Amino acid sequence: MARYIIEGGGRLSGELKIHGAKNSVLPVLAATLLTKESTVHNCPALTDVDAACNILSYLGCDVDQSGGSVHVVPGDLKGCGIPDSLMREMRSSVVFLGAIIARCGKARISRPGGCELGPRPIDLHLSALEKLGVTITEDHGYLECEAEGRLQGASIILPFPSVGATENAMLAACTAQGSTVIQNAAREPEIEDLMHFLNSAGAKIRIGENGAIYIEGVDELGSVDYSVIPDRIAGATYLCAAAITGGELLLTGVVPEHMASVFPMLEEAGCVIKARGDTVYLRMHGRPKPIRLVRTMPYPGFPTDAQSPLMALSCIASGTSVFVENIFESRYKHAAELARMGARISIEGRVAAVEGVKRLHGATIKCTDLRGGAALVIAALCADGVTAISEIHHVERGYQDFDTNLRGLGAVIRKERKTEDGQECEKKQ
Ligand code: UD1
């Protein structure tokens, strides 16, 4: 089991190129099933990307991963089901459902269970697919989905702008017969990225001024060569890391507009931010100021995925910051681990009040989830003494070369791997 050993107190400074967006590349890889042949560039080297490639290979696609690109030739698929073991490798594997149904007219996948963020229902995904003509039944934890003939375009109104449900509906509708409108669709940049990928392959999808997604079904998709957008959440995470150390960071290869809701919060904390072209520059001096209110919202609101990194920063602010988590039920699990480092956080349902302390101290802690884990690393960067963070596989699901990148910016962090009997077997400096 690997863990990070971090000596706090150093100041981060330098330049960092941000990798491709995990939350874009996963639906895009699912979408390759609908194409004749796809090459997807700017794919981050993450375990979730490997898991998506494993699913494509299992289904019978020819998949070639090299460097930051994945080449997929679906050919004649071997099957239209995903076994439970593969589904469990990746939290967002449910996005394959819409693509498999569109391609095969049927699909069999296990129902995704809950996760560290609380229950992850898929009712909105399923009712959108039902609108398009899919009949869904459950059998011993498996969802059996079947359409009679071609899927039919429909009017879909999502009660909540779910990212995954919007993606599944887009994937299923792009080769359906007739037109589909998705109202109250999610507006995250990753949705637009999926649309651009599908349109590059011949789909007819557009986003209306009202935010609704309009899809004219086409008979089939062709070949596509596509580069996914940069990871706005990784960008926001590194900004928080630099800020907590009173540092200076130039992010390159980003789309600043995608991170726009994060900037005012960092500015309120005292950071100087300059966004120019595809770069974002941050400079921070001294102790952060408190942030009055951070409310997570669907895009273009403040992203739930950036809540915990920002909370880490507010732990050492010169006053109390308040967070309201409106997207996921259990997204404050990192707070108990931050408390072990001396943070003062009180939680009441969806609200967390963070009373800033002057200093955090090193501790032995563990990652509770992907973004919460990143928050612990950020906190450790400014803590007195040494912090040992275990369960780092959570973090490595979403950040490529996290420790190496932070070390490149001046952090004192190393990854330590231990054998089962607790012996250290490898040190990476
Ligand atoms: C995606 C992102 C995740 C991000 C989230 C919100 C990926 C791989 N993951 O997750 O990083 O935190 O968007 O921006 O892109 N819900 C239902 N029923 C459904 C679907 C969702 O009740 O059928 C609820 C969820 O429980 C949650 C909320 O809607 O409370 C938002 O979920 P959703 O937007 O679907 O997030 P994901 O697509 O799972």
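Which residue just after helix 4 takes a positive phi? That would be Gly-105, with a phi of about 80°. Let's use that spot as a way into the rest of the structure, keeping in mind that this is a predicted model.

## Around helix 4

Helix 4 covers residues 96-104, and quite a few of its residues are tucked away: Phe-96, Leu-97, Gly-98, Ala-99, Ile-100 and Ile-101 are buried. Take Ile-100, which sits in this helix. Its relative accessibility is 0%, so Ile-100 counts as buried. Ile-100 also has a partner from elsewhere in the sequence: its C-alpha atom is 6.2 Å from that of Cys-80, although the two residues are 20 apart along the chain.

## The cysteines

Cys-80 turns up again when we look for disulfides. How many disulfides are there? The count is 0. Cys-104 is not in one, and the nearest cysteine sulfur to its own, that of Cys-80, is 4.8 Å away. With a relative accessibility of 31%, Cys-104 counts as partly exposed.

Then there's Cys-145. Why does its sulfur form no bond with the closest cysteine sulfur? That closest sulfur belongs to Cys-80 and is 9.8 Å away, which is too far for a bond. Is Cys-145 buried or exposed? Cys-145 is buried, because its relative accessible area is 3% and the cut-off for buried is under 20%.

## Two covered helices

Helix 1 spans residues 22-31, and 9 of its 10 residues are buried, so the rest of the structure largely encloses this helix. Among the buried ones are Lys-22, Ser-24, Val-25 and Leu-26. Pro-27, Val-28, Leu-29, Ala-30 and Ala-31 are buried too.

Helix 12, made of residues 370-382, is mostly covered as well, with 13 of its 13 residues buried. Have a look at the start of helix 12: a side-chain oxygen of Asp-369 reaches to within 3.3 Å of the backbone nitrogen of Arg-371.

## Who sits around the ligand?

Which residues come nearest the ligand? There are 19 residues around it, and Asp-123, Leu-124, Ser-162, Asp-305 and Ile-327 come nearest.

Some of the contacts can be spelled out atom by atom. On the nitrogen side, a nitrogen atom of the ligand is 2.8 Å from an N or O atom in the side chain of Asp-123. On the oxygen side, Ser-162 has a polar side-chain atom 2.7 Å from an oxygen atom of the ligand. Gly-164 uses its backbone instead: one of its backbone N or O atoms lies 2.8 Å from an oxygen atom of the ligand.

## The second largest pocket

Now for some empty space. Rolling a probe the size of a water molecule over the atoms shows where such space is left. The second largest pocket has a volume of about 270 Å³. It is lined by 16 residues, and those nearest its centre are Arg-187, Glu-188, Pro-189, Glu-192 and Tyr-299.

Which helix gives the most to this lining? It's helix 7 (residues 189-200), with 5 residues. Sorted by class, the lining of the pocket has 8 nonpolar, 3 polar and 5 charged residues.

## Unusual backbone spots

Most residues other than glycine have a negative phi, and most peptide bonds are trans. Against that background, a few places are worth a look. Tyr-299, one of the residues nearest the centre of the second largest pocket, is joined to Pro-300 by a cis peptide bond, with omega at about 10°. Pro-300 sits in the loop between strand 18 (293-295) and helix 10 (307-314).

Asn-184 isn't a glycine, yet its phi is positive, near 55°. You'll find Asn-184 in the loop between strand 11 (179-183) and helix 7, and with a relative accessible area of 37% it is partly exposed. Asp-401, also not a glycine, has a positive phi of about 50°. Asp-401 lies in the loop between helix 13 (393-396) and helix 14 (402-408); its relative accessible area is 41%, so Asp-401 is partly exposed.

## One more loop

Finally, find Glu-209 in the loop between strand 12 (204-207) and strand 13 (213-216). Glu-209 is exposed, with a relative accessible area of 86%. Its C-alpha atom and that of Met-297 are separated by 20 Å, and the two residues are 88 apart along the chain.

Key: Residues numbered from 1 in each chain as written. Predicted model: local features only at pLDDT ≥ 70, side-chain atom pairs only at ≥ 80, totals over all residues. Heavy atoms only, no water. 1 Å grid on protein atoms, 1.4 Å probe; cavity = no way out; pocket = protein on both sides within 12 Å on 5 of 7 lines; lining within 4 Å. Points joined across faces, edges and corners; volume = space filled by probe spheres on them. Helix = DSSP H or I, 4+ residues; strand = E, 2+ residues; numbered from the N terminus. Nonpolar A, V, L, I, M, F, W, Y, C, P; charged D, E, K, R; others polar. Buried < 20%, exposed > 50% of the residue type's maximum accessible area, 1.4 Å probe, protein only. Disulfide = S-S within 2.5 Å. Near = heavy atom within 4 Å. Polar contact = N/O pair within 3.5 Å; in protein donor to acceptor, adjacent residues only side chain to side chain.
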